[in-house]
Amino acid sequence: MSLQRSGGFQLPPLALYIHIPWCVRKCPYCDFNSHAAGPSLPEEEYVDALLADLDADLRHVHGRTLSSIFFGGGTPSLFSARALGRLLEGVERRVGFAGDIEITLEANPGTFEQAKFRDYRRLGINRLSIGVQSFQEAKLKALGRIHDGNEAVRAADMARAAGFDNFNLDLMHGLPEQSIEDALFDLRTAIAQGPTHLSWYQLTMEPNTVFWSQPPALPEDDLLWDIQEAGQALLAEQGYAQYEVSAYAQAGQAARHNLNYWTFGDFLGIGAGAHAKLSSPAGQIARSWKTRLPKDYLDPAKTFQAGERLLTADELPFEFLMNALRLTEGVPASLFTARTGLPLAQLDGARREAEARKLLLADPTRLVATREGQLFLNDLLQHFLP
Ligand SMILES: C[S@@+](CC[C@H](N)C(=O)[O-])C[C@H]1O[C@@H](n2cnc3c(N)ncnc32)[C@H](O)[C@@H]1O
Ligand code: SF4
């Protein structure tokens, strides 16, 4: 299909992703841009580089303030509060913060103690995302994690004691030799810590990981299905509503930073390998990415930006919907034009086909997948390919 741009485009909200690319050691299932840290981290040098990287991106701000910031990794909790404080101050001096800004930091059990969490809180970081994965020793061992189940519980205790009333726990399921009871034990233990948000990911085998070349024995499809059903029922019963493929939250506690991705908002990305999606006031939309290896990113002879691609009008429906249709409630149909500048009528043919296959809900006011469409999201998205 060949698409025409129209009026109706509005400059979306702006978020900032900051990548910290080091971990204590590399986990065998992980394909994120993370690298085993040496004996000392080049914190100050990296903060200088992040701020210089941001300086080069300021032309994309167009007067907006930041609605959210996310420190992701790697393991951002390896960084001292002093370094993160200097970074946040530098960011705020360059781009204003919205009054109700959400600032999240990913923290790994075993990489911080109580005082560090208190200091993070004082910096204005108001949300933690703690990477627990499982509370069971055998599972944590199989995943190559550096922490045990008790440390994970202590991490949640420390978060609350440091004043983080808003925190997420990351769990994975479909783990080697996992039973339904094992998965429910993890969820029950997590819920007992009182997180406002739970991310519950199914373990996937990613190329370029140790698990890809030496795959562990994983639960069969039938068992995976049963784990998913039983877990979703437990989460719903405990007040955690699913609002995205892997995200569950107490009322009003959906992650604003992630919601911005899924509603096709703009985001700056600074740090090694960080990605960005940015719009111009005229409605041009581009994706870009930064130099991936930390040593190259820190090399003054190299540029921060490694690549950029302008999205064509033909690609925009798919790009918009692969995000929006992840949301359980979908999005208002009018958001399509506001974010892409394309008339909604241009989706009509594909919408009708997907509705006929019962993958998309036949609701003229919303773009939302049916339960079937959520389960077979790739099939649904095929209808909107350029
Ligand atoms: C950026 S990662 C890592 C955050 C943090 N460094 C940690 O390991 O706890 C965010 C989350 O993605 C999930 N994840 C990473 N690799 C995965 C995989 N292969 N399959 C499913 N989930 C994965 C984990 O739950 C992890 O906490
Ligand atoms: S899963 Fe987390 S801790 Fe493990 S290597 Fe990936 S980013 Fe690092």
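This report describes the overall build of a predicted model and then some of its local features.

## Overall build

The chain contains 15 helices and 16 strands. Its radius of gyration is 21 Å, close to the 21 Å that the globule rule gives for 386 residues, so the chain is as compact as a globular protein of that length. Along the principal axes, the C-alpha trace spans about 55 × 50 × 40 Å.

Of the 386 residues, 55% count as buried, and among the contacts with a separation of 6 or more, 73% are between residues 24 or more positions apart.

## Surface and charge

About 16500 Å² of the chain is exposed, and carbon and sulfur atoms supply 53% of that area. The chain carries 36 positive and 47 negative charges, and the mean positions of these two sets are 5 Å apart.

## Aromatic pairs

A pair of aromatic rings is described by the distance of the centres and the angle of the planes. With a cut-off of 6.5 Å between ring centres, the count in this model comes to 15 aromatic pairs. One of them joins Phe117 and Phe164 in an edge-to-face arrangement, with 6.0 Å from centre to centre and 70 degrees between the planes. Phe117 lies in helix H3 (residues 114–122), whereas Phe164 lies in the loop between helix H5 (149–161) and strand E7 (167–173), so the pair ties together parts that are 47 residues apart in sequence. Both Phe117 and Phe164 are buried.

Another aromatic pair, formed by Tyr297 and Phe304, is tilted, with the centres 5.0 Å apart and an angle of 50 degrees between the planes. Tyr297 and Phe304 are both buried, and they belong to a cluster in which ring pairs link them with Trp22, Tyr46 and Phe79.

## The loop between E4 and H2

Thr75 is placed in the loop between strand E4 (66–73) and helix H2 (81–94). The relative accessibility of Thr75 is 2%, which is under the 20% cut-off, so this residue counts as buried. When residues up to four places away in sequence are not counted, Thr75 touches Ile20, Trp22, Cys23, Asn108 and Thr111. One of these, Trp22, is also a member of the aromatic cluster that includes Tyr297 and Phe304.

Gly74 lies in the loop between E4 and H2 as well, and a cis peptide bond with an omega of about 15 degrees joins Gly73 and Gly74.

## Backbone angles that call for a check

Most residues other than glycine have a negative phi, and most peptide bonds are trans. Against that background, the cis bond between Gly73 and Gly74 can be read together with two residues, Gln133 and Asn208, whose phi is positive although neither is a glycine.

Gln133 has a phi of about 70 degrees and belongs to strand E6 (residues 127–133); with a relative accessible area of 8%, Gln133 is buried. Asn208, with a phi near 65 degrees, is found in the loop between strand E8 (197–202) and helix H7 (210–213), and its relative accessible area of 78% makes Asn208 exposed. The two positive phi values therefore occur in contrasting settings, since Gln133 is buried and Asn208 is exposed.

Note on methods: Residues are numbered from 1 along each chain as its sequence is written. Chains are lettered from A and ligands numbered from 1 in the order in which they are written. This is a predicted model: local features need pLDDT of at least 70, side-chain atom pairs count only at pLDDT 80 or more; totals for chains, interfaces and linings use all residues. Side-chain values use heavy atoms; hydrogens and water are left out. Helices (H or I, at least four residues) and strands (E, at least two) are DSSP runs, numbered from the N terminus. The radius of gyration is taken over C-alpha atoms; the globule rule is 2.2 Å times the number of residues to the power 0.38. Buried means under 20% relative accessible area, exposed over 50%, partly exposed in between (1.4 Å probe, protein chains only). Contact means heavy atoms within 4.5 Å. Accessible areas come from the Shrake-Rupley method with a 1.4 Å probe; for residues, only the protein chains shown count as cover. Lys and Arg count as positive and Asp and Glu as negative; His and the chain ends are not counted. The place of a charge is taken as NZ of Lys, CZ of Arg, CG of Asp or CD of Glu. Rings of Phe, Tyr and Trp (its six-membered ring) pair if their centres lie within 6.5 Å; planes under 30 degrees apart count as stacked, over 60 as edge-to-face and the rest as tilted.
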